[in-house]
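This report introduces a structure to a reader who has not met it before. The sequence and the model are shown first, and the description follows.

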Amino acid sequence: MSMQYRPLGHSGLMVSTLTLGTVPFGGSNGFEKAASVDVKGAKRQLDIAVEAGVNLIDTADLYSLGQAEEIVGKALGRKRGDIILASKGRSPLGDDPNASGASRYHLIRAVEASLKRLGTDHIDLYQIHNWDGVTPIEETLEAMHQLVTSGKIRYWGTSNYTGWQMMKTLGKAELHHLVKPVSQQIYYTPEAREAEYELMPLALDQNVGSLIWGPLGEGFLTGKVRRGQATPPETRQGNGWPEPYVHDMERAYDIIEALIAIGEAHDCSPARVCLAWLKDRPGVTSLIIGARTEAHLQDNLAAVDLTLTAEEHERLERITRPAPQYPYWHRVVSGMDRIDSAEKPFLDGYRETIDHRQDDRSA
C-alpha cells in the first residue's frame, strides 16, 4: 500500500495518514456495544496495520475504562519501539470528583495509570479528551509542560475542543512560554463537516495537526445504514450505540447513496470511498480507523490506494457541503476581498450554494 506520512502539526513527528484506533478493543464498562477485540485479535490487527504502513496507534483511558489500554500494551510487545503511541485522559473514571478533568492532580495521575496499563515508560502523544470548564487553563498547561519535561510524554494535544477553547490554549501557552499542543483530535465526516467552520481553518492557520476520529461516522457511513432498510443488529449503528448525532437523516441518506454509487464505480465499499475523500481534505493529518474484524480493517486500509476522479470529489463536496453560517455567508455576499488563506478552502463552495438559494427565492 502507498501509505503517506505527514507532519503532526508544528512538530517534527511524521505520522501515517491512517491511524489504528482502539475503541473496538475490550468490551466492558459501557463499551459492550462497540468493542469485542481481545489481545489475540489486537495483535493480528497491529500486524496488519503495521504491514500497511500505519505508524500511529490511538487509545484512551476511557475506552472500556482502561481495558483497551491494557490490550494495546499486551499486543504491542516488541513493536512498541516502532510505533507512535497516543492515548487520552480527562474523562470521568469513577464517582470521585477528582477522577476527572484537566487539573494537575488528575492529569498526572491519569498519565501514570495509563503508563502502567500500556506497559511503557512514555506516551508519544497524550491528548486531553475534552475541555475542562472548571480548571484554569494555566494549571492544565503547567501540568502538560511538566509531563513533557519529565519524559513521561513526548508531545501533547487536545480532543473535542471548540475553536475558541483551542485558541485560548495556544495563546496562553505562548504567553507563558509553556509547551503548546501539536494536535487536535476531532470528529469530521462527509455527513458532519462542522469542523470546517472553525477547527480546520484553525489547524491551517496555527499549524496544528488534525487527527480525525470516527471518519466513517462510527459505522454510519459504511453502507449498513440505508433509506428504507433495517440496520443489521450486529452493527454498532443497529444495536443502540448513541453516536453520532445526525442533523438531517434525509440528507444523510442521500450522502450514503452517493458513497455507495461511487463505490460501485470503483468496485469497492462506500467506506473506502468515504476515507479516500476525507483523508485529502484541507488540514487533515490522519484518519483514525477502528474495526472489529480483519476484513473491515483491510478494507479501510485499502483507502490509501483509492483515487477518486475530480468529478467524484466535486460530487461528494457538493452533496455534503455544510450550510453557510454567519459570518461566512456575509463574506461571500458582500464580495469581501483579502480572504484568509486558512478560510478560503472552506468558503469556495459557498458561492454556489448562496447563488442557488437566491435564485430559489427570486423564483
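In strand S7, tryptophan 156 is the bridge partner of tyrosine 126. The model in which this pair is found is a predicted one. The pair belongs to a set of 5 bridges that join S6 to S7, two strands that run parallel. Strand S6, helix H4 (residues 137-149) and S7 together make a right-handed β-α-β unit.

**The surroundings of strand S6**

Strand S6 covers residues 123-128, and 6 of its 6 residues are buried, so the strand is largely enclosed by the rest of the structure. S6 is also joined to strand S5 (residues 84-89), in this case by 4 bridges, and these two strands run parallel. Within that pairing, lysine 88 stands opposite glutamine 127 in S6. The chain passes from S5 through helix H3 (residues 104-118) to S6, and this β-α-β crossover is right-handed. As a general point, side chains in a regular strand alternate between the two faces of the sheet.

**The barrel as a whole**

To what larger arrangement do strands such as S5, S6 and S7 belong? They are part of a closed barrel of 8 strands, which runs S3-S4-S5-S6-S7-S8-S9-S10 with parallel pairing. Direction ignored, neighbouring strands of this sheet are turned by 30° against each other on average.

Further along the barrel, S9 is joined to strand S10 (residues 286-289) by 2 bridges, and these strands run parallel. Serine 286 in S10 is the bridge partner of leucine 211. S10 is also among the elements against which the buried residues of helix H9 pack, the others being S3, H1 and helix H8 (270-278). Helix H9 spans residues 294-301, and its buried residues are Leu297, Asp299, Asn300 and Leu301.

**Asparagine 55 and its contacts**

Asparagine 55 is found in the loop between H1 and strand S4 (56-58). Is this residue buried or exposed? At 16% relative accessibility, asparagine 55 counts as buried, because the limit for that class is under 20%. The side chain of asparagine 55 reaches the backbone nitrogen of serine 16 at 2.9 Å. A polar atom of the same side chain lies 3.1 Å from the backbone oxygen of methionine 14. When neighbours within four places in sequence are left aside, asparagine 55 is in contact with Tyr5, Met14, Val15, Ser16, Ile83 and Ile84.

**Backbone features in the loops**

Several loops contain a backbone angle worth noting, either a cis peptide bond or a positive phi. They are listed in the table below.

| Residue or bond | Backbone angle | Loop |
|---|---|---|
| Glutamate 243 to proline 244 | cis, omega near 0° | proline 244: between S9 (209-213) and H7 (249-266) |
| Tyrosine 326 to proline 327 | cis, omega near 5° | proline 327: between H10 (310-320) and H11 (328-333) |
| Asparagine 29 | phi near 55° | between S3 (18-21) and H1 (39-51) |
| Asparagine 160 | phi near 65° | between S7 (153-159) and H5 (163-175) |

The phi value of asparagine 29 is positive although the residue is not glycine, and the phi value of asparagine 160 is likewise positive in a residue other than glycine. Asparagine 29 is partly exposed, with a relative accessible area of 46%. Asparagine 160, at 29% relative accessibility, also counts as partly exposed.

**The cysteines**

How many disulfides does the structure hold? The number is 0. Cysteine 268 is in no disulfide, and the nearest cysteine sulfur, that of cysteine 274, is 11 Å away. Cysteine 274 is likewise in no disulfide, and its nearest cysteine sulfur is that of cysteine 268, at 11 Å. Why is this pair not counted as a disulfide? A disulfide requires two cysteine sulfur atoms within 2.5 Å, and the sulfur atoms of cysteine 268 and cysteine 274 are 11 Å apart, so the pair does not qualify. Cysteine 268 is buried, with a relative accessible area of 13%. Cysteine 274 counts as buried at 0% relative accessibility.

How values were computed
Residues are numbered from 1 along each chain as its sequence is written. This is a predicted model: local features need pLDDT of at least 70, side-chain atom pairs count only at pLDDT 80 or more; totals for chains, interfaces and linings use all residues. Side-chain values use heavy atoms; hydrogens and water are left out. Buried means under 20% relative accessible area, exposed over 50%, partly exposed in between (1.4 Å probe, protein chains only). Two strands pair if DSSP finds at least two bridges between them. Axes are lines fitted to C-alpha atoms, for helices over the stretch in contact, and angles run from 0 to 180 degrees between N-to-C directions. Contact means heavy atoms within 4.5 Å. A crossover is right-handed if, with the strands pointing away from the viewer, the path from the first strand over the helix to the second runs clockwise. A polar contact is a pair of N or O atoms within 3.5 Å; within protein, one must be able to donate a hydrogen and the other to accept it, and residues adjacent in sequence count only if both atoms are side-chain atoms.
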